[in-house]
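Biologist: Please take a close look at one part of this model for me, the packing of its helices and the pocket that goes with them, and go through it slowly.

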Amino acid sequence: ESADCGLGHFLRSFERSFRAPSDRNRWREYTSHKAMNAHERFRFTSSTPHHNGAVPGEAVKKDENSRRGNWGNQIEFVLTSVGYAVGLGNVWRFPYLCYRNGGGAFMFPYFIMLVFCGIPLFFLELSFGQFTSLGCLGVWKVSPMFKGVGYGMMVVSTYIGIYYNVVICIAFYYFFTSMTNLLPWTYCNNPWNTPDCSGVVSTSHLNATLANATSAVVSEVVNRTKRTSPSEEYWRNYVLNISDGIGNFGEVRLPILGCLAVSWLVVFLCLIRGVKSSGKVVYFTATFPYVVLTILFIRGITLDGAISGIKYYLTPQWQKILDAKVWGDAASQIFYSLGCAWGGLITMASYNKFHNNCFRDSIIISITNCATSVYAGFVIFSILGFMAHHLGVEVSEVADHGPGLAFVAYPEALTLLPVSPLWSLLFFFMLILLGLGTQGYTQSHTRIHFLWCSWSHSPWSLAQAGIYWLLLMDNYAASFSLVIISCIMCICIMYVYGHKNYFKDVEMMLGFPPPIFFRVCWRFVSPVIITFILIFTVIQYKPITYNDYVYPGWSVFIGFCMALSSVICIPLYALYKIAVSDGATFLERLKNSVKPDPTWGPALQEHRKGRYSSGPDGLEVCALKDDLKGKEKEKEKETEKEKDEEKKEEIGLTIQGSNGSTHNPTPSA
């Protein structure tokens, strides 16, 4: 009681300081609860949002959405999103696409696709998830017929989970094998090596290498038709023990299977405690790769031949800029690196506070992703130039695409660095963190059975034919299906739900409407670009190959089935929703199935304003009821006054008729 009395004057003065009517209504709603004590009222005052969404008293750590939870602070969300977007694709996929498509000439279409397609779609998904505080399935209350888009995202995430965790598993294996005085892929005197193996470091300098690796770098290039490096034979003959075709599965190596269990265990531990623990982990996982990249960059530019690699990286081949394939590769890299249409962006944004400036976050995260790709290109091409210098070959002949760049060319370059095991440990630990940063939050919006499905289907990717299946999933499971999902999502929000409605939702959430550039991109530019990419992918289709191996027709058919398995969810669920919707005719059912759900909108009642305040417990409705009650009381008072005046008139008339005649006041009344 004394505490209440001591804070009474403060709370009353604080209540009078509110200027916005919505804040006064919110204060009355909270103080109307008799059970609220002084400490609870103080926590309410310290967590009252301002017009810009900032929350003073952050030390209280009170979640805005107590049921779902929020990020601990804004830095955690930004770092988590950076860790989600920046992954393995930035390390090996972007540099390969860059030098394959003309070096610096690839940068122009890459930045065009980033500006007109990548950043707008990134902002669209962040705002979509943050507005409703729901995951990739719940957000489709905006138009229930399109909930199949969310299921398609979950299917794609399952395939990506299988693919990414296999790559992380191999990175774990290389990480553990690097814990030695001599990397096993340094020389050609191992049981798995062939007579075609030709190492860069001479075995006669073994002692000097262990003492001072820099002085032991000796060129030993053998003039052969096809040179095989020790790292390539270690990758093909020992790690993979690759079979002769995709149909010959072979056996699974138990050490690699154990690394797969470790990788899934790490992902599970990162997610078991929810968004709070995940937010704390990213302080390290999102920043450490940049530390390693900086160390490797400083070391790489000091190596012999590094300048030639960087020149190849930056020198454009302008004749290729008119090639449509360059534009298609640039667009695919944007989708792959930013993670659009995976579902993870929507889920992560759903843990934001309602008034968080996700527009600012989308700009920061997208540019950081692009800058990381360019920076990783400098790191890798400096070392590729060093390898080309010592091997006597062109830079374009050193690196292989896909996993080959990370597990063949890079390990060979690491053997030429001083204290090579240390550099190998740092590099593969960086790959593990890059993969976990994306893998963890890709699986954060899936259910346990999806995790179990990914775990149960991963081991066959570690068989002797696993690399064939790995590339099959990479080329089909998460390629043009992402393009289709993004296109349908954009069309649904802009043309089915209505662009004006969505622009008002964003303005209610952020305090300002989307910039006109984003409005134009959402409505016209991005769908046109996505459609162009889809058409181009179909027209320029080429069967998948792995080096000289051409995939058989039945495996290509399986690849198309994987690609369609995510897209087919959209029409199947649409037909189901139309069938169960109310209506006598097909047209009526179609209209009812695309109408927003009554619960669509902000998750918290305090944010449901304007057209979302029609619920029985809305704040504005409560205020309206209070006003109506006040008006009814005023009318009752006026009615009572009129009755009193009528009684006085009746008494006056009775007195006037008191001269002996009885006067009835009713007719006069």
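Modeller: The axes of helix α6 (residues 107–132) and helix α22 (516–539) come within 9 Å and cross at roughly 115°, where axes are lines fitted to C-alpha atoms over the stretch in contact and angles run from 0 to 180 degrees between N-to-C directions. This is a predicted model, in which local features need pLDDT of at least 70 and side-chain atom pairs count only at pLDDT 80 or more, while totals for chains, interfaces and linings use all residues. Residues are numbered from 1 along each chain as its sequence is written, and side-chain values use heavy atoms, with hydrogens and water left out. Helices are DSSP runs (H or I, at least four residues) numbered from the N terminus.

The angle makes α6 roughly perpendicular to α22 (65 to 115 degrees; under 35 is roughly parallel, over 145 roughly antiparallel, the rest oblique). The crossing is left-handed, that is, the near helix is turned anticlockwise from the far one by less than a right angle, clockwise being right-handed. In α6, the residues that meet α22 include Met113, Phe116, Ile119, Leu121 and Phe123, and their partners in α22 include Phe517, Trp522, Val525 and Ile530, contact meaning heavy atoms within 4.5 Å. This contact has 16 nonpolar residues, one polar and no charged (Ala, Val, Leu, Ile, Met, Phe, Trp, Tyr, Cys and Pro are nonpolar, Asp, Glu, Lys and Arg charged, the others, Gly among them, polar).

Helix α22 also helps to line the largest pocket, as do α5 (88–100), α14 (324–338), α20 (466–476) and α21. The volume of this pocket, an open set of 1 Å grid points where a 1.4 Å probe fits, with protein on both sides within 12 Å along at least five of seven lines, is about 1,300 Å³, taken as the space filled by probe spheres set on the points. Of the 39 lining residues, Arg93, Arg100, Lys325, Asp329 and Asn475 are the closest to the centre, lining residues having an atom within 4 Å of a point. Helix α14 gives the largest share, eight residues, and the whole lining has 20 nonpolar, eleven polar and eight charged residues.

Helices α5 and α14 also pack together, their axes coming within 10 Å and crossing at roughly 170°, which makes α5 roughly antiparallel to α14. Among the residues that meet are Arg93, Leu97 and Arg100 in α5 and Lys325, Asp329 and Tyr336 in α14, and the contact divides into four nonpolar, five polar and four charged residues.

Conventions
Helices (H or I, at least four residues) and strands (E, at least two) are DSSP runs, numbered from the N terminus.
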